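Trainee: I have some labels to check. Can we go through them one by one and set each against its cut-off?

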Amino acid sequence: MNKIKWDEIMVKFYNNYKYILVPFLLWLLIQISKVVVDCIQNKRFSLSRLLGSGGMPSSHSAVMVSITVMLGKYIGFHSPIFALACFMTLVVMQDAIGVRRQVGEQAKYLNEILVDDKITPEQKFQEMVGHTPIQVLSGLIIGIIVGIVA
């Protein structure tokens, strides 16, 4: 009777799907950590934080950098797909610091203005949209480490 070799199956599965598995698990861990930190800081549980944007570290940056590093490591730093990944990562990181952060800042001011109109909490604009440079830098560092280890 043939014995199932689970270790071989898991290694083959990982090798076939690492470009999806690693970034997804990284994103999930970062987002769960944001939920935990938010729960401790605000003394209430908010599952919406799991899918929300903003906060420390930038999961967008971490995921994109991890994929880029993995592509360089396994496919080659000279490959066109690595070059594409590099530029897409830079766009995502610049967007997080630039446009999305400005949207969050504008939402803050709009919410202050609208406070006089007695809006409900559900009607408020989301203020945590983009990232500070340190949040993006943290995501970058985490992404590099995960990409190298993966």
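**Labels and their cut-offs**

Mentor: Start with D38, which is buried, at a relative accessible area of 13%. Keep in mind that this is a predicted model.

Trainee: Why is D38 called buried?

Mentor: Buried means under 20% relative accessible area. D38 has 13%, so the label holds. The residue sits in helix α1. Beyond its neighbours within four places in sequence, D38 is in contact with K43, R44, S46 and R49.

Trainee: What makes Q31 buried or exposed?

Mentor: Its relative accessible area is 1%. The limit for buried is under 20%, so Q31 counts as buried. Q31 is also in helix α1. Leaving aside neighbours within four places in sequence, its contacts are R49, L50, L51, G52 and S59. R49 is a contact of Q31 and of D38.

Trainee: Why is the pair K5 and E8 called a salt bridge?

Mentor: The rule asks for a Lys or Arg side-chain nitrogen within 4 Å of a carboxyl oxygen of Asp or Glu. In K5 and E8 the closest N and O atoms are 3.9 Å apart, so the pair passes. The count by this rule is 1 salt bridge.

Trainee: How exposed are the two partners, K5 and E8?

Mentor: K5 has a relative accessible area of 48%. E8 also has 48%. Exposed needs over 50% and buried under 20%, so K5 is partly exposed, and so is E8.

Trainee: How do you know that the buried residues of α5 line one face?

Mentor: Those residues are Q135, V136, S138, G139, G143 and G147. Down the helix axis they fall within an arc of 160°, so they line one face. Their cover includes α2 (59–74) and α3 (80–97). The face turned away from the buried side carries the exposed residues I148 and V149.

Trainee: What span does α5 reach, and what is expected?

Mentor: Helix α5 covers residues 133–149, 17 residues in total. From first C-alpha to last it reaches 24 Å, close to the 24 Å expected at 1.5 Å a residue.

Trainee: What makes M56 eligible for the nonpolar surface patch?

Mentor: Patch members need over 30% relative accessible area and no salt bridge. M56 has 43%, so it clears that area cut-off and is partly exposed. M56 lies in the loop between α1 (6–42) and α2. The patch also holds I134, L137, I141, I144, I145, I148 and V149. Together with M56 they have about 740 Å² of accessible area.

How values were computed: Residues numbered from 1 in each chain as written. Predicted model: local features only at pLDDT ≥ 70, side-chain atom pairs only at ≥ 80, totals over all residues. Heavy atoms only, no water. Helix = DSSP H or I, 4+ residues; strand = E, 2+ residues; numbered from the N terminus. Expected span 1.5 Å × (residues − 1). Buried < 20%, exposed > 50% of the residue type's maximum accessible area, 1.4 Å probe, protein only. Arc of directions from axis to C-beta. Contact = heavy atoms within 4.5 Å. Patch = residues over 30% accessible without salt bridge, like charges linked within 9 Å, V, L, I, M, F, W, Y side chains within 5 Å. Areas by Shrake-Rupley, 256 points an atom, 1.4 Å probe, with all protein chains shown as cover.
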